[in-house]
Protein chains: 2
Amino acid sequence: MGRWEPNARGRLVQAAMELYGERGYEQTTVAEIANRAGLTERTFFRHFADKREVLFWGGGALQELLVSSVGEAPESTAPIDAVAAAFEAAAAQLQERREHSRQRQAIIVANAELRERELIKLESFASALTDALRLRGVADMAASLAAEAGIAVFKIAFVRWLATGQPDFPQLIRESFDELKAVAAGK
Amino acid sequence: MGRWEPNARGRLVQAAMELYGERGYEQTTVAEIANRAGLTERTFFRHFADKREVLFWGGGALQELLVSSVGEAPESTAPIDAVAAAFEAAAAQLQERREHSRQRQAIIVANAELRERELIKLESFASALTDALRLRGVADMAASLAAEAGIAVFKIAFVRWLATGQPDFPQLIRESFDELKAVAAGK
DNA sequence: TCGACTGATGTCAGTTGCTGTCATCACAGT
DNA sequence: ACTGTGATGACAGCAACTGACATCAGTCGA
């Protein structure tokens with residue numbers, strides 16, 4: 001056995017989710033999180049850049065999935081459809097942990113600082129998607145627009161997925177992209 | 001003459017812009033801003049909720065312009081076109097202070113916390129636009145999509161306006177909405 | 001086997017953003 | 001002259017975050 005209990009980072013995430021859920025983000029101190037995880041405040045900040053980041057650890061995997069999905073789309077696929085396919089894949093992934101997503105989102109929407117952090121994470125997704133599209137030869141402007149529009153669709157569909165009882169998130173994504181196309185066409 | 005110099009809020013904004021520009025956002029303390037404005041730190045926080053907000057004061061006017069523009073569009077106008085018209089009006093407004101916009105944006109892009117704050121302000125615009133569209137009888141989903149897609153176009157066009165030397169921001173907005181339509185159509 | 005090294009953690013002091021509370025005092029209205 | 005009122009100052013205090021140094025189980029090469 002090691003000198004310390006294993007998976008310190010995971011314990012911190014777990015403790016933070018619990019405490020943020022129980023008494024809210026602002027009413028929780030970092031010292032309390034660390035304490036519940038059997039660690040010190042200083043150690044918390046060695047694992048996470050700040051008090052918010054603990055809720056967003058793991059977002060990198062989703063970003064990689066989005067990028068690789070765009071890269072794997074057939075060459076003839078239009079940029080917006082490549083982006084749509086990427087978000088369908090992401091939706092399938094999220095769907096496997098719906099309850100976790102729901103709890104996490106409830107915490108985030110209850111606090112402005114956390115919403116800010118979520119928005120910049122989504123912006124990072126948009127930036128990564130833009131790069132992935134450029135690699136396919138898509139022009140800068142079209143790549144940015146497809147990526148940002150995709151994020152817009154995802155944001156809306158995600159909220160809808162959690163709000164309604166609809167189980168099939170990927171299908172909801174498909175329908176939402178279709179609706180974007182209708183809206184953009186001036187319908 | 002009053003007991004205090006007038007326009008304390010304006011002096012704080014001015015001092016903050018100067019200091020953030022000179023030595024960066026993080027390297028500037030609130031005490032320094034207040035000091036340059038001839039006030040105390042405590043007074044700074046009576047005028048602004050936090051150290052970031054001082055850069056975003058006045059955003060409410062732009063939001064009102066967006067909302068009223070959507071409200072004034074002809075009834076037959078499609079949601080996406082009402083949104084486009086609103087951003088054209090906003091662009092015309094911003095164009096009158098291009099140099100100020102440029103300096104402010106340079107400060108914001110240089111710091112992640114400030115980018116977060118900007119994103120949540122834009123999200124607030126999206127929410128207001130969504131409400132304005134619903135008032136016109138647009139369905140929830142279409143309203144959200146048109147608003148969020150509009151924000152996406154604006155974000156991209158704004159950066160482009162400042163990056164290129166292009167003087168006509170409203171026209172750039174029009175072209176960008178046209179390109180969104182092309183992208184959404186799968187071109 | 002031993003000693004040097006590593007890496008995750010603890011300890012502690014310090015800065016800064018931000019808040020609550022109370023005092024001050026020119027000005028306005030009566 | 002009397003009494004608010006509102007913007008400000010003064011001060012104490014909490015919590016987020018950082019830098020510097022200590023600790024010590026495990027590891028690895030001599």
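## Ala149 and the nonpolar core

In this predicted model, Ala149(A), leaving aside its neighbours within four places in sequence, is in contact with Ile80(A) and Leu180(A) of its own chain and with Ala149(B), Ala152(B), Leu180(B), Val183(B) and Ala184(B) of the partner chain. Ala149(A) and Ala149(B) are also the residues with the most contacts inside the largest nonpolar core, a set that has 76 residues.

## The contact between chains A and B

The contact between the two protein chains takes 30 residues from chain A and 30 residues from chain B. On the side of chain A that touches chain B, the elements that give two or more residues are helix H5 (79-95), helix H7 (112-135), helix H8 (140-163) and helix H9 (169-184) of chain A, and of these H8(A) gives the most, with eleven residues. Sorted by class, this side of chain A has 18 nonpolar, two polar and ten charged residues.

How are the two copies related in space? Chain A can be laid on chain B by a turn of 180 degrees and a shift of 0.0 Å along the axis, with an RMSD of 0.0 Å, and that is the relation of a two-fold axis. Since 100% of the interface residues of chain A are also interface residues in chain B, the copies meet through the same surface.

## Overall build of chain A

Chain A has nine helices and zero strands, so that, read along the sequence, its pattern is α-α-α-α-α-α-α-α-α. Taken along the principal axes, the C-alpha atoms of chain A fill a box of roughly 55 × 35 × 30 Å. Of the 187 residues in chain A, 35% are buried, and among its contacts between residues at least 6 apart in sequence, 62% join residues at least 24 apart.

## Helix H5 of chain B

Helix H5 (residues 79-95) of chain B has 17 residues and reaches 24 Å from its first C-alpha to its last, close to the 24 Å expected at 1.5 Å a residue. Its buried residues are Pro79(B), Ile80(B), Ala82(B), Val83(B), Ala84(B), Ala85(B), Ala86(B), Phe87(B), Ala90(B) and Ala91(B). The cover over these buried residues is drawn from both chains: it includes H9 of chain A together with helix H4 (59-72), helix H7 (112-135), helix H8 (140-163) and helix H9 (169-184) of chain B.

## Helix H1 of chain B and Arg36 of chain A

The 16 residues of helix H1 (residues 8-23) of chain B should span 22 Å at 1.5 Å a residue, and the end C-alpha atoms of this helix are 22 Å apart, which agrees. Leu12(B), Val13(B), Ala15(B), Ala16(B) and Tyr20(B) are the buried residues of H1(B), and what covers them includes helix H2 (30-36), helix H3 (41-47) and helix H6 (98-109) of chain B. Just after H1(B), Gly24(B) takes a positive phi of about 95 degrees.

In chain A, Arg36(A) is found in helix H2 (residues 30-36), and it is partly exposed, with 16 other C-beta atoms within 10 Å. Leaving aside its neighbours within four places in sequence, Arg36(A) is in contact with Ala15(A) and Leu19(A). The C-alpha atoms of Arg36(A) and Leu19(A), which lie 17 residues apart along the chain, are separated by 9.1 Å.

## Surfaces near the DNA strands

Around DNA strand C there are 17 residues, of which Ala8(A), Arg42(A), Thr43(A), Asp50(B) and Lys51(B) come nearest. The elements that give two or more residues to the surface near this strand are helix H3 (41-47) of chain A together with H2 and H3 of chain B, and the largest share, three residues, comes from H3(A). By class, the surface near DNA strand C has seven nonpolar, four polar and six charged residues.

Which residues are closest to DNA strand D? Of the 17 residues that surround this strand, the closest are Arg3(A), Asp50(A), Lys51(A), Ala8(B) and Thr43(B). Here the elements that give two or more residues are H2 and H3 of chain A together with H3 of chain B, and H3(B) provides the largest share, three residues. The residues of the surface near DNA strand D divide into seven nonpolar, four polar and six charged.

Terms used: Residues numbered from 1 in each chain as written. Chains lettered and ligands numbered in written order. Predicted model: local features only at pLDDT ≥ 70, side-chain atom pairs only at ≥ 80, totals over all residues. Helix = DSSP H or I, 4+ residues; strand = E, 2+ residues; numbered from the N terminus. Expected span 1.5 Å × (residues − 1). Buried ≥ 20, exposed ≤ 12 C-beta atoms within 10 Å, placed from the backbone. Contact = placed C-beta atoms within 7 Å. Near = placed C-beta within 6 Å. Nonpolar A, V, L, I, M, F, W, Y, C, P; charged D, E, K, R; others polar. Least-squares fit on C-alpha atoms with pLDDT ≥ 70 in both. Core = buried A, V, L, I, M, F, W, Y, C linked by C-beta atoms within 7 Å.
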